[in-house]
Amino acid sequence: MCGVVGIVGCSAVNQSIYDALTVLQHRGQDAAGIVTIDNQNRFRLRKANGLVKDVFQEHHMQRLQGNLGIGHVRYPTAGSSSPSEAQPFYVNSPYGITLAHNGNLTNTDQLRNKVFQLAKRHVNTNSDSEVLLNIFANELDKFPTFPLTADNIFSAIHNVHSIIKGAYACVAMIIGHGLVAFRDPYGIRPLVIGKRVLENQKVEYMVASESVALDILDFELIRDVEPGEAIYITQDGQLHSKQCSDNYKYYPCIFEYVYFARPDSLINGVSVYQSRIEMGKKLGEKIAKEWRNVDIDVVIPIPETSCDAALEIARILNKPYRQGFVKNRYIGRTFIMPGQSIRRLSVRRKLNANRIEFEGKNVLLVDDSIVRGTTSKEILEMVRSVGAKKVYLASAAPEIRYPNVYGIDMPVVDELIAYNRTVDEIAQAIGADKLIFQDLSDLIDSITEQNPNIHHLECSVFDGIYITGEIDDNYLSSLEKKRGESKKFLASKESENLEIYNEGQ
């Protein structure tokens, strides 16, 4: 999962993009990058591994000149954590194009070969985002005139949709033209557009993965970019948009609402905060019905994503709600950290149990989801070590039994705690006295009730249905093999050089 942002402004956009990336930091803590177009029509790029605040120092910001720019925060999925795979990526032909991407393509290998054999384009990294950029560039290259028209750009994106498969929300810039943004035909990954009207009545535009990035810069949310739609904003601020897919429909990722998105964001017309309240309400009703004889003294969330749901569960059960964990906010989110051993070690550094809330009590812990089970097991052991009598666990999401191929780091079934296990077996594996999961139908209702135009959600991690249609056992086996190779790469601690156009260290 990654975060993207793009701004077409009337003044320097470097600080605005930086600020937007800081509030999208939860979507990726592995690397960050910003590229702008200066007044001489040159790209200015800075990207590196690390958090936004560490990647961009004052001298980097001074070099990022220009009124147009895009930014990216990353955590790796099938690719490596090498600095060379930080985004945005760049190609010099045609015109000069740079692109940042959130999601995952599912036909990358075929595309990589096609780009090289048919278009004579070399892809230098393992990143599917660089492949996507070259596909887009090759489609633009088919138009001989300069400058490109909006229809030329939309025609190229139409062709991109027909060639690539998977999930993608992209922002790009074309030298001499402006900013382009587009979303996959299923709308799996989120993308919103907003505007800001200045005192002189000039309009600035912004696209981002989540509406919260617009909020902190005083941009007004216009709407979500539709599935399959493309946005083109010229350098002088002219906005064009067009539906570029012949077969588009809403299938947004359900896990955005469960875990990834900030609660203060609106995604696909749905309040993430309100959806989590509804998750807690429905799960609380299920607990009240199925656990009538379970003695619960207190309800405690595993911070932070589950806090809203846990508060609603406590209200329905008429039990005290307590904050039993103290969180070290200077440790990254364990779910998105590459490497199982790193996740395991970081749990104790990230959370500490407040003994007074646990000692001698039967505790109901609430989490947003249970993925690998590593974090849950560590937390339950911690809670018992401070004197809890019994420890129950409720998950605001159903059992995660299948790999994700659309940009979430869950590609190997053997690492999923729920794979080939019953609920009782999962409880035993993580050390819970009792365990309960949200029903998938209730989870879906928690989200779609706010937007009747959303009839479906991308739920593959729960139901194993891959809406793009090309995923089979061979693909999943290949993905598992690549991930194993990526683990070996990380373990070897090999390093790679940054691209030569990176704006300094």
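Select Asp218 to begin: with a relative accessible area of 63%, this residue is exposed. You will find Asp218 in the loop between α7 (211-215) and β11 (220-224). Check its backbone as well, since phi of Asp218 is near 65°, a positive value in a residue that is not a glycine. Keep in mind on this tour that the model is predicted.

Now jump to Asn420, in the loop between β20 (390-395) and α14 (423-430). Asn420 is not a glycine either, and its phi is positive at about 60°. Is Asn420 buried or exposed? Its relative accessibility is 66%, so Asn420 counts as exposed.

**Two cis peptide bonds**

Stay with the backbone and select Phe146 and Pro147. The peptide bond from Phe146 to Pro147 is cis, and its omega is near 0°. Pro147 sits in the loop between α5 (128-140) and α6 (150-163).

Next, go to Pro303 and Glu304, which are also joined by a cis peptide bond, with omega about 5°. Here Glu304 belongs to the loop between β16 (298-301) and α10 (307-317).

**Along helix α6**

Go back to the loop that holds Pro147 and follow the chain into α6. Put a distance between the end C-alpha atoms of this helix: they are 20 Å apart, which agrees with the 20 Å that its 14 residues should span at 1.5 Å a residue.

Then colour the buried residues of α6: Ala150, Asn152, Ile153, Phe154, Ala156, Ile157, Val160, His161 and Ile163. What do the buried residues of α6 pack against? Show α4 (108-119) and α5 among the helices, and β7 (166-174), β8, β12 and β13 among the strands, and you have their partners.

**The six-stranded sheet**

Several of those strands lead to the next stop. Select the open sheet of six strands, and read its order as β5-β6-β7-β8-β12-β13, with antiparallel pairing. At its edges are β5 (89-91) and β13 (239-243), each of which pairs on one side only. Neighbouring strands in this sheet are turned against each other by 20° on average, direction ignored.

Zoom in on β8 (residues 178-183) and β12 (residues 229-234): these strands run antiparallel and are joined by five bridges. For one contact to look at, pick Phe182, whose bridge partner in β12 is Ala230.

**Aromatic rings**

Keep Phe182 selected and add Phe136. The count of aromatic pairs comes to 13. Phe136 and Phe182 form one that is tilted, with 5.7 Å from centre to centre and 50° between the planes. Which elements does this pair link? Phe136 is in helix α5 and Phe182 is in strand β8, 46 residues apart, so to speak of distant parts of the chain is fair. Both Phe136 and Phe182 are buried.

For another group of rings, select Phe255, Tyr259, Phe260 and Phe462, which ring pairs link into a cluster.

**Strand β1 and its two neighbours**

Move to β1 (residues 3-8), where six of its six residues are buried. Turn the view to see both faces of β1: Gly3, Val5 and Ile7 lie on one side, Val4, Gly6 and Val8 on the other, and all are buried.

Now bring in the neighbours. β1 pairs with β4 (residues 68-74) in the antiparallel sense over six bridges. Four bridges join β1 to β10 (residues 203-208), and these two strands also run antiparallel. Which residues are the bridge partners of Val5? In β4 the partner of Val5 is Gly71, and in β10 the partner is Ala208.

**Helix α1**

A little further along the chain, select α1 (residues 14-23): seven of its ten residues are buried, so this helix is largely enclosed by the rest of the structure. The buried residues to colour are Asn14, Ser16, Ile17, Tyr18, Ala20, Leu21 and Val23.

**Last stop: cysteines**

Finish with the cysteines. How many disulfides does the structure hold? The number of disulfides is zero. Select Cys10, which is partly exposed with a relative accessible area of 33%. Then select Cys307, which counts as buried because its relative accessibility is 15%.

How values were computed. Residues are numbered from 1 along each chain as its sequence is written. This is a predicted model: local features need pLDDT of at least 70, side-chain atom pairs count only at pLDDT 80 or more; totals for chains, interfaces and linings use all residues. Side-chain values use heavy atoms; hydrogens and water are left out. Two strands pair if DSSP finds at least two bridges between them. Axes are lines fitted to C-alpha atoms, for helices over the stretch in contact, and angles run from 0 to 180 degrees between N-to-C directions. Buried means under 20% relative accessible area, exposed over 50%, partly exposed in between (1.4 Å probe, protein chains only). A disulfide is a pair of cysteine sulfur atoms within 2.5 Å. The expected span of a helix is 1.5 Å times one less than its number of residues. Contact means heavy atoms within 4.5 Å. Rings of Phe, Tyr and Trp (its six-membered ring) pair if their centres lie within 6.5 Å; planes under 30 degrees apart count as stacked, over 60 as edge-to-face and the rest as tilted.
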